[in-house]
Amino acid sequence: MLGDNKLFDKEAFKKALSDNVKVLFRKTIKEADEQQIFQAVCYTVKDEIVEKWMETQRVYDKEDPKTVYYLSMEFLMGRALGNNLINLCHYDEVKKALKELDIDINLVEDQEPDAALGNGGLGRLAACFLDSLATLGYSSYGCGIRYKYGMFKQKIKDGYQLEIPDDWLREGNPFELRRREYKKEVKFGGYVKVETDPSGRNHFIQEGYQSVMAVPYDMPIVGYGNGIVNTLRIWDAEPVECFQLDSFDKGDYKKAVEQDNLARNIVEVLYPNDNHYAGKELRLKQQYFFISASVQEAVEKYMRKHNDIRKFAEKNIFQLNDTHPTVAIPELMRILMDEHGLSWDEAWNVTTHTCAYTNHTIMSEALEKWPIELFSRLLPRVYQIVEEINRRFCEEIGRRYPGDNEKIRKMAIIYDGQIRMAYLAICAGFSVNGVARLHTEILKNQELKDFYEMMPEKFNNKTNGITQRRFLLHANPQLAKWVTSHIGPDWITDLSKIKGIEVYADDKKAQSEFMNIKFKNKERLAKYILEHNGIEVNPRSIFDVQVKRLHEYKRQLLNILHVMYLYNKIKEHPEMDFYPRTFIFGAKAAAGYKTAKLTIKLINSVADVINNDASIDGKIKVVFIEDYKVSNAEIIFAAADVSEQISTASKEASGTGNMKFMLNGALTIGTMDGANVEMAEEVGEENMFIFGLRANEVIDFENNGGYSPMDIFNNDQDIRNVLMQLINGFYAQNDPELFRDLYNSLLNTQSTSRADRYFILKDFRAYAEAQEKVGKLYKDEKEWARKAILNTAAAGKFSSDRTIQEYVDEIWHLDHVTIKKKSSFRR
């Protein structure tokens, strides 16, 4: 299934593996442990990848294609070995070669930690995009930070989330290459001195600064079966002067390692807690650190082959993945003016044809802002440039809307002592895109309405997608094999072809095969849950799954309140007809997000009560998957029967987990939010469980009022019982007040914020009714199987290949590159 076996020399691979074990560890294959075997397999595969990597670079150097730099604070890559073998088209061949050596490829893959370079959907989207760019044959770099410990490794202790360092680099990263020849100095603080040359031109010089060296580590991004290997470049920070011996000798031990500490702090963790000033400062340092290094290198790379910096935009695109990389705009201006001598207008022309912005959030509070005092102190020259951009932009607003000071208040980049980074990105970017059609329309008509009215030509939609190669071909090999056996392998690089299985939706044999594959995947997940949670779950129960970043708008609270409601019903009516359910949660809460962390505790407290109640005879089980990440997500997506996509309508920009579940044959229970809307169009609402307020209704309540959760509390006995269990000790006997804050958030008791901000109680009954429909339909095995097949068949639109091709056609205008295939693992 995975490519041309004639290009793979099995004996050469086995010999190379044996040689690597010997060279790396002074052992034979039989003597090596599992981690050593993993390392040796990676280095063996890496040898092949590097050949293709070098050939790709030679072709790029010759053809000089336009390149997109995808700038992102996070890249949630997942494990590399399996994905690289899939895209080399040699997974099955390597699996067989290892089996001949009595090595199980699954055990080898399990030795690899997930690369801790991202956290949520933003980072996973970036990873899918890099895979698609390489597979489609487009020159690209992903640019980010080489975090030492990621965001955190999640441990659950006594039901609470604990954050511990994710030491993913402890054994090294065998696929990365350190590229010290491309190191860059990044400067912080100090002041700007202005010198005027004889021609009257001002030169801006930063002095009195601290600096660190940004050193790139390159990771290969292998295209599927096309010989192309692109690059993820992640920057590590090193001190300019590693150890100040003179300070140490004078007894100033703190100063002796000052630069080392500055560098170390920048790259230690993703999204440090910014509930305090030091955390905010560190976040801004991180953003400028990787952006300055990436922009410096992009400009230098261009100038190594070209002599006119004014034409930079003809060969380069900077795609800003949300607001975090927006500082690329003034940084590019700084380099063009201060280091290459361009005038303001020349530099602005280059910058505004180079930078494009993707917005990932509808939530206005999530649009990044920086205090002027912090920004100007840390980045003095960059701040000067931002200030000038703002001055000119406000003048432009004034010309467009004479005398309308309200427009300036709403649109100025700098206002009320803050720099509004999204507004900077819109002002300077030549493209502004949302990530689902509904999201883009809300941006245009609500959150960014003033900008859309002033510059409508910039706004466009690019609905997100996922790579089918990781989330079906690798994550669900049995289903992938089944699909290929029915329609051939073209879906691997053209997911629209998967619609071909639609004709089998009513075929009884196909239904049986499809659901048998699902059952085996459920058995695999049940085994994982038993090993990691100590909970025995029934794979014949409905696996109802909600796995995603924990945020109030994603409404994990609605889900667990409904579980509490069902439990009450079963206790009151033990004889009731109820198909067994396993409710599976997985989520990380930001370290400083108290409400989210309390929700995790509630889920685990509910699980403790329900899972240990023998009287309900296992009708409900509740599982919280610890440390949700890409590698266990692959197991979960393949096993899910029901996909929970229940965000408050109008709040989820797109979602991509919804697409992964759909591709693997889960049925969605969800609101008409984000990409759910487009999924419903593709598969039909009758093949989903849609419920709840629509986006326009939510927005109307938010703008005009008219919703009282207390009315629901007073008039609905079932809901009142559930909410009272939050504060009467039912799920926290030793501390009845433990969940008081969750109770208050729903009813506004002793709270200054709006009651039930995310309409949990308003949607509760509609959600419960939709869940009843789930239970009834699941009993009809044939009809469930038919709908499951139709969901997989309708997932074609949601490939990141399609999304990337739209970016290429409508925003980036990249050049397609082809590379000749060569044999693998040559003797």
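**Buried positions and salt bridges in a predicted model**

Let me begin with Arg334, which is buried, with a relative accessible area of 12%, and whose place is in helix H11, residues 328–339. Please keep in mind throughout that this is a predicted model. If we leave aside the neighbours within four places in sequence, Arg334 is in contact with Tyr288, Ser292, Glu339, Arg381, Val382 and Ile385.

I turn next to helix H3, residues 81–88, where eight of the eight residues are buried, so the helix is largely enclosed by the rest of the structure. What covers these buried residues includes H2, helix H4 (91–100), helix H5 (105–109), helix H6 (121–136), strand S9 (210–222) and helix H19 (468–474). Just after H3, Cys89 takes a positive phi of about 65°, while on the other side Ala80 lies in the loop between strand S1 (67–71) and H3. With a relative accessibility of 17%, Ala80 counts as buried, because the cut-off for that word is under 20%. Its contacts, again leaving aside neighbours within four places in sequence, are with Glu112 and Phe175, and the C-alpha atoms of Ala80 and Pro113, which are 33 residues apart along the chain, are separated by 9.2 Å.

Now to the salt bridges, for which the count comes to 70. One of them joins the side chains of Arg233 and Glu297, at 4.0 Å from N to O, and this pair links distant parts of the chain, with Arg233 in strand S10 (residues 229–239) and Glu297 in helix H10 (residues 277–303), 64 residues apart. Arg233 is buried at 5% relative accessibility, and Glu297 is buried at 4%.

Another salt bridge is formed by Lys571 and Asp613, at 2.9 Å from N to O, and here the link runs from helix H22 (residues 556–572) to the loop between helix H23 (594–611) and strand S20 (620–625), the two residues being 42 residues apart. Lys571 is partly exposed, with a relative accessible area of 40%, whereas Asp613 is buried, at 14%.

Salt bridges also join Asp716 and Arg765, at 2.8 Å from N to O; Asp716 sits in the loop between helix H28 (709–715) and helix H29 (717–724), and Arg765 in helix H31 (residues 760–778).

Finally, the surface: Asp33, Glu34, Asp104 and Glu171 form a negative patch. Of these, Asp33 is in the loop between helix H1 (10–25) and helix H2 (34–63), and it is partly exposed, with a relative accessible area of 39%.

Note on methods. Residues are numbered from 1 along each chain as its sequence is written. This is a predicted model: local features need pLDDT of at least 70, side-chain atom pairs count only at pLDDT 80 or more; totals for chains, interfaces and linings use all residues. Side-chain values use heavy atoms; hydrogens and water are left out. Patches are made of residues with over 30% relative accessible area and no salt bridge: like charges are joined within 9 Å, nonpolar side chains (Val, Leu, Ile, Met, Phe, Trp, Tyr) within 5 Å. Accessible areas come from the Shrake-Rupley method with a 1.4 Å probe; for residues, only the protein chains shown count as cover. Lys and Arg count as positive and Asp and Glu as negative; His and the chain ends are not counted. The place of a charge is taken as NZ of Lys, CZ of Arg, CG of Asp or CD of Glu. Helices (H or I, at least four residues) and strands (E, at least two) are DSSP runs, numbered from the N terminus. Buried means under 20% relative accessible area, exposed over 50%, partly exposed in between (1.4 Å probe, protein chains only). Contact means heavy atoms within 4.5 Å.
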